[in-house]
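Student: Please give me a close look at whatever a search for cavities turns up. After that, show me how the neighbourhood and the rest of the fold fit around it.

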Amino acid sequence: MPKVTIDGHTIEVPEGTTILNAARMIGGEIVPPAMCYYSKLKTSGGYCRTCIVEVSKGSEKDPRPMPKPVASCRTTVMDGMEVKNLTSPALLEARAGVVEFLLLNHPLDCPICDQAGECHLQDLGYEHGKAKTRYEFPRRTFEKIDIGNYIKLHMTRCILCYRCVKVAEQLTDGRVHGVVNRGEVSEISTYIQNAIKNDFSGNMIDVCPVGALTDKTFRFKSRVWYTKPVDAHRDCKKCSGKVRLWEKGEDVLRVTARKDTYGEVVDWICNDCRFEKKKIGDWIIEGPAKIDRHSVISTNHYESLNQLKLAVARQRNKGGKKPALGEGALNPNNI
């Protein structure tokens, strides 16, 4: 199997593996970001260019570096290849330029966007964005439209990642929407104002990396960090029935598919599970969802009472007099 070295980490991978998937096998911070690539969808990737990397050595047979950054989701590994991601200042500057292009027309309306807290572009904006924009022209804007009974399209936020198009093409019975026009006037739209009606159309919401496609049953109801994500399942004839419930008190505000470390859907779910089953009694609760601790969604979520007690103890003693040993002020059992 070919060997590839990414930021000093060497790994053997199967023939035909892309640089991005090789980095994911290693894991950690060296994994390039991806806004359009989706491992569950065929022919995805290559549109957003956020996953670009620098190939400083092509292979053992041809050690010459590649002349420019390449999309890691589309470039396959060759034996002896050496790749720089976080270790290349020039590459990070190039990725910052890509983010700047993505934000040329994307509005910074995070305070009112339902995707806030789950938005990959929001993360990229904080990591690579600039404090000011050099763009001097009016941004393009679109009217919000309904493209189905449950989906609201806010085209102004769209970055044309094509994920929703791939889902409709590969997962549903018949695709009635896509990208129309060319260049800066390209947009996602339904054909001749058709409504999207199929049993798996809600998955388009899950794959959207920004707030362009939103769940009409959840819009403006709550921020995700105020909800409690819980894994649950039910017997369903159409799909796996494995979902994530987003609870607030006794109410289920929304139902989504479960996602992995890279924000990709694990099992596709049908619209019945997503939109029609909004009661706790409809589901068999498995327990709290595993949320990455760096995510804002994990705020104030604890899987055990002791963790909560310890956090409260630390907060009480924050900025105050440090308790003497033996007082037990930091002992969660004393709260």
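Tutor: First, some vocabulary: helices are DSSP runs of H or I with at least four residues, strands are DSSP runs of E with at least two, and both are numbered from the N terminus. This is a predicted model, where local features need pLDDT of at least 70, side-chain atom pairs count only at pLDDT 80 or more, and totals for chains, interfaces and linings use all residues. Residues are numbered from 1 along each chain as its sequence is written, and side-chain values use heavy atoms, with hydrogens and water left out.

Now the backdrop. The protein has 7 helices and 14 strands. Of its 335 residues, 47% are buried, where buried means under 20% relative accessible area, exposed over 50% and partly exposed in between, with a 1.4 Å probe and protein chains only. Take contacts (heavy atoms within 4.5 Å): among those between residues at least 6 apart in sequence, 61% join residues at least 24 apart.

On to your cavities. Rolling a probe the size of a water molecule over the atoms shows where empty space is left. A cavity here is a set of points, on a 1 Å grid over the protein atoms alone, where a 1.4 Å probe fits but cannot get out, and lining residues have an atom within 4 Å of a point. The search of the whole structure turns up 2 of them of 30 Å³ or more. Volume means the space filled by probe spheres set on the points, with grid points joined across faces, edges and corners.

The largest cavity holds about 70 Å³ of space. Around it you'll find L153, C158, I159, L160, C161, Y162, C164, I188, C208, A212 and L213. That lining is 11 nonpolar residues, with no polar and no charged ones; Ala, Val, Leu, Ile, Met, Phe, Trp, Tyr, Cys and Pro count as nonpolar, Asp, Glu, Lys and Arg as charged, and the others, Gly among them, as polar.

The second largest cavity comes to about 50 Å³. Its lining is H106, D109, C110, C113, Q115, A116, C119, Q122, V210 and G211. Here the mix is 5 nonpolar, 4 polar and 1 charged.

Two residues of one loop help tie this together. Y162, which belongs to the lining of the largest cavity, sits in the loop between β7 and α4. Y162 counts as partly exposed because its relative accessibility is 26%. Beyond residues up to four places away in sequence, Y162 touches Y47 and V179. Y37 is 125 residues from Y162 in sequence, yet their C-alpha atoms are 9.2 Å apart in space.

R157 lies in the loop between β7 (151-153) and α4 (163-170) as well. With a relative accessible area of 4%, R157 is buried. Leaving aside neighbours within four places in sequence, R157 contacts H106, P107, D109, I112, C113, V210, G211 and A212. Compare that with the linings: H106, D109, C113, V210 and G211 are among the residues around the second largest cavity, while A212 is one of those around the largest.

Further along the chain is S222, in the loop between β10 (213-215) and β11. S222 is buried at 9% relative accessible area. Not counting residues up to four places away, S222 touches D114, T227, K248 and L253.

Some of those contacts lead to a sheet. Its 4 strands form an open, antiparallel arrangement in the order β13-β12-β11-β14, where two strands pair if DSSP finds at least two bridges between them. At the edges, β13 (251-257) and β14 (284-288) each pair on one side only. β12 (residues 242-248) has 6 bridges to β13, with W246 opposite R254. β11 (residues 228-233) also pairs with β12 over 6 bridges, and there P229 stands opposite W246. Between β11 and β14 there are 4 bridges, with A232 facing I285.

Last stop, α1 (residues 19-26). Its buried residues are I19, L20, A22, A23 and R24. Their cover includes β1 (3-6), β2 (9-12), β3 (52-57) and β5 (81-84). Right after α1, G27 takes a positive phi of about 80°.

Notes
1 Å grid on protein atoms, 1.4 Å probe; cavity = no way out; pocket = protein on both sides within 12 Å on 5 of 7 lines; lining within 4 Å.
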